[in-house]
Amino acid sequence: MMKLGYTIFYVHDVKKSLAFYQAAFGFECRFLHESGDWGELETGATTLAFCSHALLQQMGKRTQTPDPLAACSEIALVTEDVAAAVERACQAGATLRQSPEEMPWGQITAYVSDPDGFLVEICTAVG
């Protein structure tokens, strides 16, 4: 059976991105390669990882900076207190994109973007 193992964000500064996610969301660093080009956070069953643009380019791939106003993906972080999590994230350097709002199905959701421009949903569990 297949399982989702990693979500990887391509960033300019892996160490800086790890530090932001630690401060904003309380994740612990699982691994940072000595080159500084790869890092992982303790995030549960699926690992949130960061790879430098430089490493990706060395592998012959093109990079692109995300646009939170024209997002093509997001990660969702689940918490019981969305408002407090949004406040902590913004104090750590996130940009508020949508204040906490109750959805018709009962879930509370909010959106921030991280300093690299990736869209992060902060929400309660569905159901």
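This dialogue explains how to read the core, one exposed residue and a pocket in a predicted model.

Colleague: What should be known about the model beforehand?

Modeller: The model is predicted, with local features needing pLDDT of at least 70 and side-chain atom pairs counting only at pLDDT 80 or more, while totals for chains, interfaces and linings use all residues. Residues are numbered from 1 along each chain as its sequence is written, and side-chain values use heavy atoms, leaving out hydrogens and water.

Colleague: Which residues touch the most other members of the largest nonpolar core?

Modeller: In soluble globular proteins, nonpolar side chains tend to be buried together. A nonpolar core is a set of buried (under 20% relative accessible area) Ala, Val, Leu, Ile, Met, Phe, Trp, Tyr and Cys residues joined through side-chain atoms within 4.5 Å. Here the largest one has 24 residues, and Phe-9, Tyr-21, Phe-25, Phe-50, Val-120 and Ile-122 touch the most other members. The elements giving two or more residues to this core include strand S1 (6-11), helix H1 (14-25) and strand S8 (119-123); helices (H or I, at least four residues) and strands (E, at least two) are DSSP runs, numbered from the N terminus. H1 gives the most, with 6 residues.

Colleague: Is Gln-64 buried or exposed?

Modeller: Exposed means over 50% relative accessible area, and partly exposed lies between the two limits (1.4 Å probe, protein chains only). Gln-64 has 68%, so Gln-64 is exposed. Gln-64 lies in the loop between helix H2 (53-58) and S5. Gln-64 and Val-11 are 53 residues apart in sequence but 9.1 Å apart in space, C-alpha to C-alpha.
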